[in-house]
Amino acid sequence: MPTEAVLSRLHEILGPKGVIVDPALLEPHLVEWRGLYRGTARVVVKPANTEEVAAVVKLCAETRTPIVPQGGNTGLVGGAVADEKAIILSLARMNKVRALDKSAYTLTVEAGVVLADVQKAAEEADRLFPLSLAAEGSCQIGGNLSTNAGGTAVLRYGNSRDLVLGLEVVLPNGEIIHGLHGLRKDNTGYDLRHLFLGAEGTLGIITAAVLKLFPRPRDIATAFVAVENPQAAIDTLALLRESSGDTVTMFELMSRFSIETVLRHVPGTADPVETLSAWYALIELSSPRAGGDLQSALEEGLGAAMENGWVTDAAIAQNDSQRAAFRRIREEISDAQKHEGGSIKHDISVPLAAIPAFLERADAAIEKLIPGTRPCSFGHAGDGNLHYNLSQPVGADREAYLQQWEAANRVVHDIVQDLGGSFSAEHGIGTLKVHELEHYKSPAALEAMRQIKRALDPYAIMNPGKVIAS
């Protein structure tokens, strides 16, 4: 635990609202969403502004006190877990929208703003901030940027790093990089923002960001379709991108088992289409142009896909309520799967054309390794990202099954590597995947990462043990 001298200084810097030691108030900061890790930190600090963050970090640098930055604590790889030696630095009080420029299509926000509130601020200005994911009601934008979050709109708008024009960052020595410009062009040396986007707080703490906005969609068309197989889904996506003028915003692939988990465990859900199939896709087109009649474009595209034998059934949303019901099926999969027992999870990406081969090879390899395992495959197939989650065999012992996590990882990730993919598409490395990074990343790339870490954080106080092994 930090020394009494450090705690006293923290109280001086932050005041009574900024230092938490009450076990009941600490509890939400210690529990990791998946339940794989539990932190043992005894102090949480909540700075109210960037200057306070800088003062806290400077103190920790002087005293060699480890810091674990934390946003909404919705991460999936143990990246915000802290032991008793560290302090948790929560950005929750830094939740202001600092500026919005409608003409430049930019929004400047502090790191603690909840993603849904970022979306709302853009919407109130008749603009769109496209980052969207299941945890958007509680995750914070600083955490999204620190993990380079993906979500459902990457196909059209890119990952989090593609949505950022400028950053304000507190470095490990307490100095501040004031980079909150909204410039689209700036070739003045190294683009430092990309060091911190996806670094999971290991190189510094993002305290604010200038985000890109886009025209708000005026025309949206959504469909839930049954597809013959994963290859048919990929072919349908290509057809729709061409026939719709490349207006596909969302293309989510889901196995029948993943949908069945939702139907079994989430009240108020129903099969969107009548035809039973091994695979389904949730498709959305959008355009800022009103009256573009995307629904007709979607109907025509799906009609062509049916003629080709790729789509076997389809339901097109007729209103916002039906659209929300379709989306809910996809959004509830992760939570619904918890009710099926132990789950060994993978967040992988492969080249789009390799998705069918990955699924075929991975399913066969896992069945050989752990007979009876039930693959729960779903994800953002439009950008090659699948959540290849493996539910335990019916009647299996949960703990015994989860002990095979590393063996399953090796089987799945070796296939991903062979297909030219990534074992971590959007969730990051955190604690969970540190050894996987060491196993699959090239020695040259790992050494370059270590050198960057040592240069910026020589005392290794920033989120120690995450991403790069100490």
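Burial is a good place to start: in this predicted model, 53% of the 470 residues of the chain count as buried. The overall dimensions fit that picture of a folded chain nicely. A compact globule of 470 residues would have a radius of gyration near 23 Å, and the chain agrees, with 23 Å. Along the principal axes, the C-alpha trace spans about 70 × 55 × 45 Å. The secondary structure amounts to 17 helices and 19 strands. Contacts reach far along the sequence: of those between residues at least 6 apart, 74% join residues at least 24 apart.

At the surface, the accessible area of the chain comes to about 20000 Å², and carbon and sulfur atoms account for 51% of this area. The chain carries 44 positive and 58 negative charges, and the mean positions of these two sets lie 6 Å apart.

Helix 4, spanning residues 115–124, offers a clear view of how burial is arranged on a single element. Its buried residues are Leu 115, Val 118, Gln 119, Ala 121 and Ala 122. Viewed down the helix axis, these buried residues fall within an arc of 160°, so they line one face of helix 4. The general geometry helps here: an α-helix has 3.6 residues a turn, so residues three or four places apart point the same way. On the other side of helix 4, Glu 123 and Glu 124 are exposed.

The partners of the buried residues of helix 4 include both strands and a helix. Strand 5 (97–101), strand 6 (106–110), strand 7 (127–128) and strand 10 (205–212) all pack against these residues, as does helix 5 (141–146). After helix 4 comes Asp 126, with a positive phi near 60°.

Positive phi values also turn up in the segment after helix 17 (443–456), where Ala 460 is found. Ala 460 is a residue other than glycine, yet its phi is positive, near 55°. With a relative accessibility of 39%, Ala 460 counts as partly exposed, because that value lies between the 20% bound for buried residues and the 50% bound for exposed ones. Val 467 is likewise placed in the segment after helix 17, and this residue, again not a glycine, has a positive phi near 65°. What is the relative accessible area of Val 467, and does this make the residue buried or exposed? The value is 10%, which means that Val 467 is buried, since the cut-off for burial is under 20%.

Conventions. Residues are numbered from 1 along each chain as its sequence is written. This is a predicted model: local features need pLDDT of at least 70, side-chain atom pairs count only at pLDDT 80 or more; totals for chains, interfaces and linings use all residues. Side-chain values use heavy atoms; hydrogens and water are left out. Helices (H or I, at least four residues) and strands (E, at least two) are DSSP runs, numbered from the N terminus. The radius of gyration is taken over C-alpha atoms; the globule rule is 2.2 Å times the number of residues to the power 0.38. Buried means under 20% relative accessible area, exposed over 50%, partly exposed in between (1.4 Å probe, protein chains only). Contact means heavy atoms within 4.5 Å. Accessible areas come from the Shrake-Rupley method with a 1.4 Å probe; for residues, only the protein chains shown count as cover. Lys and Arg count as positive and Asp and Glu as negative; His and the chain ends are not counted. The place of a charge is taken as NZ of Lys, CZ of Arg, CG of Asp or CD of Glu. The arc is that of the directions from the helix axis to the C-beta atoms.
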